[in-house]
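Subject: Handing over the structure

Hi,

Here is the structure I promised to pass on. Have a look at it first, and my notes follow underneath.

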Amino acid sequence: MKADPAGVLTGAHYLDGDFACGEGAMAAGCRFVAGYPITPSTEVVERIARRFPLMGGTFIQMEDELASMAAVVGASWTGSKAMTVTSGPGFSLMMENIGLAAMMETPCVVVDVQRGGPSTGLPTMVGQGDVMQARWGSHGDYEVIALTPQSPQEAFDLTIDAFNLAERYRVPVMFLMDECVGHMTERVVIPEPGAIEVVPRALTAKPPAEFEPYRIDGGTIPEFARAGDGYRFHTTGLTHDERGYPVMSAGCQESCVRRLLDKIQGDADRIVRFEEEGTDDADVVVVAYGITARVARLAIEQARRQGVKVGFLRLIVLWPFPEKRIRELAGSVGAFVVPEINYGQIVLEVERCAGGRCDVVSVTHGGGAVHDPAKITGEILAAGAVAA
Amino acid sequence: MDSGERVEVRLTGFGGQGVVLAGHIIGRACAIHAGKNATLIQSFGPEARGSACSATLAISDGPVLYPYITRPDVLVAMSSEGFEKYRDELAPEGILVYEQDLVHPTVREGQRAFGVPSTRIAESLGRAIVQNLVMVGFFGAVTGLVPVEALRQAVEHSVPAGTEKLNLAAFEKGFEYLGGAVDQPVPEVLLPSLGGAPA
Amino acid sequence: MSVAKVGTRTDFPAEPPEHPTAPYLRMERIPHVWCPGCGIGTVVQCYATALGRSGVDLDKASVVSGIGCSGRAAGYLKLDGFHTTHGRAIPFATGLKLGRPELQVTVFSGDGDLTGIGGNHFIHAARRNMDLLVILINNFIYGMTGGQNAPTTPLSARSSTMPFGNFEPPFNVPHLAASSGAAYVARWTCLHIRRLTWTLEEAIQRRGFRLVEVIAPCPTLYSRLNKLGTGLDGMSFYHDNAVIRHGADTRELAIDFQKGIVCGKFVDEEKPTFSELMDEHYGRVLGEKYVPMPASGGWQHG
């Protein structure tokens, strides 16, 4: 369906990534946000706190990030689209109830504006060190979807996609911005509401007597009933059967948790999203995401001027990871070069998928700044010399 | 750094002078009203509230890939401390635009400096707080980087509702201070000013 | 003259009459997990009775629990039920209430869940006067995990992690709630079935942050570790030691090991809830531009 006009600020704006993300959430139909202030993410909720009262949304500043995430899961069970916003230290606290959201299959969006870590780290400066935490941060096995924007425009566009994916797959979706994109101001064009496609919460049409909250009827995603509609359903963070009742057994664990994985892994081809350019005859392919993708593109231009055949794979959806495409490319390229603002996280996935069939070069950066493009260029040239 | 013509600007001053808003207006003028791309980065954290704060702009007709600046073509200095902090990064052919009652500038050969008593002009309009708008107007006149009409539109869209008139008046005063429209050639190099008030 | 013979009656109904609480319970999940002599089932029974008497629309009533023995209550009540994470029942319930303001939301959990790991949420929800009924079952111990010390364990009482007796001062739960801003505060024991039921019925009809603390025996752990006998002995103790003092100063409600337990209703104030404050404030500041969230929830429902 189309976006609710009340939440859409149509026009060309000059916005930072945080504000653009907030606008994207409102355009996507988000009407409940709980959060706790943390640099460099706070502008997202500041924007929302100012605009929500005009469109029937409720923002509440909770006492901490544990509470924020719990409130978001609770609110989502009313059918209201819900989101929270944080940065590394708060993201760590949210892991508990991100696990609950995954287990209860609760659609919601978690925005993490990444700063340098670990611990308090670099509160006002860029990092990309939360990408593995976004995937694995809560205990046990579960799947999430994670997106990563490279500009304020994408912060708007992809936040809408994040909500739509959360609805479609009934998962918590991680929105991994970084401080640089969050605090960078650029032109953001917001379309007319009629041009924004949003996925509404699909409510079950079954009568209460026939409804079971986790029955899948041959599909992979159960139908949803919201609190207050007479379904009198039960849901729990415990391993549960189709009725949402706790069952403490290995058999139930297998059917319950396996499906949490299958519903994402089995549909990964439809969820995975990347931008690819110049890879056809490339000797080297650069894999990058977020702000580093922009810096890497500059490095690629420099390397091409020096004669290296270098392609580019920009990750837009980080999780699920584009395993299939990396595997294919590993058979034809000499090397992957993976710059990221951490000490080597996504490069581990690239290595895993490359499976030793080509070189994989990690270009690390501890955070606090973006890469010097010359450093990436140097690695491309070195890898290109070996490959050629 | 990017392909295509790229202009880098740094604005600096002390907290409360509206450095970031000045950068926002210039960036918005370029990106929304003049068909360019402009990436604004502002300093955050204690320095945003303390003494020397700053905002940077990377402006280009093509895409801005690298968001940070390395060698500003224009340095807008609204405070002495900010000027001292950033003076050395100005490009060899760069332009210094400064608050002439607060900054005692020196420039190297090849660089040019343009001073404006922006605080006093703002005070003459009744509100020292619009000093930054005087500076934006003066910046527009000196650099010719963006059409004046784009800047005017950006001012109207960026300042708090109800203050448009005052802010536009400050902008015009700053713009006029150079003594001409933007399509006139940039005047001859001004020698380092010693900070004296204009005649 | 015929005499009815004992043991030959044949006119039994095919099914026994339904238990009066059955419509409020998920009977397919009975028997429950609680130990013989435990007080939690009693509180569930009182709550179900109160709910029925209160006349609230059960389709709009939700119950949220955290983790622990009391945390299982949400799983037996035939309402929209949410069994959440340890300590987070109150913030989860906060989201539920704010996401669909017309819901009647009850938090049903234990002393450790609500005042230990969830203590921060407890005081903040009270401070905001969030429109939640919180039923806190206090058995002075962590039962589900095997009898560890709780923030409510009385001084000198033994727990598995205070094997030589507890030396940490415990919370006075009604005082914690009242001093944090709760609109309604009461305490009963599991023995006070009629009074507890009446209090819950009243509390359901009040607004704002409402705390009802219920002192309950844990014969399996607390009573055993402290040689206090069976659940029935617990009831005898309440009978002999509970005193009813409505309106008592909450500062005087601390519980000492095997000493008197002051019960009653201590706070019952009419004051605006979080949502009422928000609506009133935005209505005043923003006027007609203010669009409150619809009672039925945020935008986009089928």
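How many residues does the contact take from chain B, and how many from chain A? The contact takes 18 residues from chain B, and chain A also gives 18 residues. Before I go on, please keep in mind that this is a predicted model.

On the side of chain B that touches chain A, α1 (19-33) and β2 (37-42) of chain B are the elements that give two or more residues. The largest share there comes from α1(B), with five residues. Sorted by class, this side of chain B has 10 nonpolar, six polar and two charged residues.

The strands join up here too. Strand β9 (residues 184-190) of chain A and β2(B) run antiparallel, with two bridges between them. If you want a spot to click on, try A:T185, whose bridge partner in β2(B) is B:L40.

That pairing belongs to an open sheet of eight strands, in the order β1(A)-β9(A)-β2(B)-β3(B)-β1(B)-β4(B)-β5(B)-β6(B). The pairing in this sheet is mixed. Its edge strands are β1 (11-16) of chain A and β6 (112-116) of chain B, each of which pairs on one side only. From one strand to the next, the twist averages 20°.

Within the chain B part of the sheet, strand β4 (residues 74-77) and strand β5 (residues 95-99) of chain B run parallel and are joined by four bridges. One residue pair to look for is B:A77 with its bridge partner B:Y98 in β5(B). Helix α5 (residues 131-143) of chain B packs on the sheet, where this helix touches β4, β5 and β6 of chain B. The direction of α5(B) makes about 155° with that of β5(B). In chain A, helix α6 (residues 152-169) lies across β1 and β9 of chain A, and runs at about 50° to β9(A).

Now for the other partner of chain A. Which chains share the most contacts? Of the two pairs of chains in contact, the answer is chains A and C. Their contact takes 48 residues from chain A and 42 residues from chain C. On the side of chain A that touches chain C, at least two residues each come from β2 (30-35), β3 (58-61), α3 (65-76), β4 (81-86), α4 (88-104) and β10 (234-236) of chain A. The largest share, eight residues, is supplied by α3(A). By class, this side of chain A splits into 25 nonpolar, 15 polar and eight charged residues.

There is strand pairing between these chains as well. Three bridges link β10(A) with strand β2 (residues 80-83) of chain C, and the two run parallel. You can find A:T236 opposite C:H83 in β2(C).

As for chain B and chain C, no contact joins them. Their closest C-alpha atoms lie 16 Å apart.

Next, chain A by itself. The domain assignment gives domain 1 (5-195) and domain 2 (274-387) of chain A. Taken over C-alpha atoms, the centres of these domains are separated by 27 Å. The contact between them takes 21 residues from domain 1 and 20 residues from domain 2 of chain A. On the domain 1 side, the elements giving two or more residues are β6 (122-126), α5 (131-136), β7 (145-147), β8 (172-178) and α7 (179-182) of chain A. Here α5(A) gives the largest share, with four residues. That side of domain 1 has 13 nonpolar, six polar and two charged residues.

One last thing is a helix pair in chain A. At what angle do helix α11 (residues 323-330) and helix α12 (residues 346-354) of chain A pack? The angle is about 60°, and the axes are 8 Å apart. That angle is why α11(A) counts as oblique to α12(A). Their crossing is right-handed. From α11(A), the residues A:E323, A:I326, A:R327 and A:A330 meet A:V350, A:C353 and A:A354 in α12(A). By class, this contact has five nonpolar, no polar and two charged residues.

Over to you, and happy browsing!

How values were computed: Residues numbered from 1 in each chain as written. Chains lettered and ligands numbered in written order. Predicted model: local features only at pLDDT ≥ 70, side-chain atom pairs only at ≥ 80, totals over all residues. Contact = placed C-beta atoms within 7 Å. Nonpolar A, V, L, I, M, F, W, Y, C, P; charged D, E, K, R; others polar. Pairing = 2+ DSSP bridges. Axes fitted to C-alpha atoms, helices over the stretch in contact; angles between N-to-C directions. Parallel < 35°, antiparallel > 145°, perpendicular 65-115°, else oblique. Left-handed = near helix turned anticlockwise from the far one by under 90°. Domains from an automatic or database assignment.
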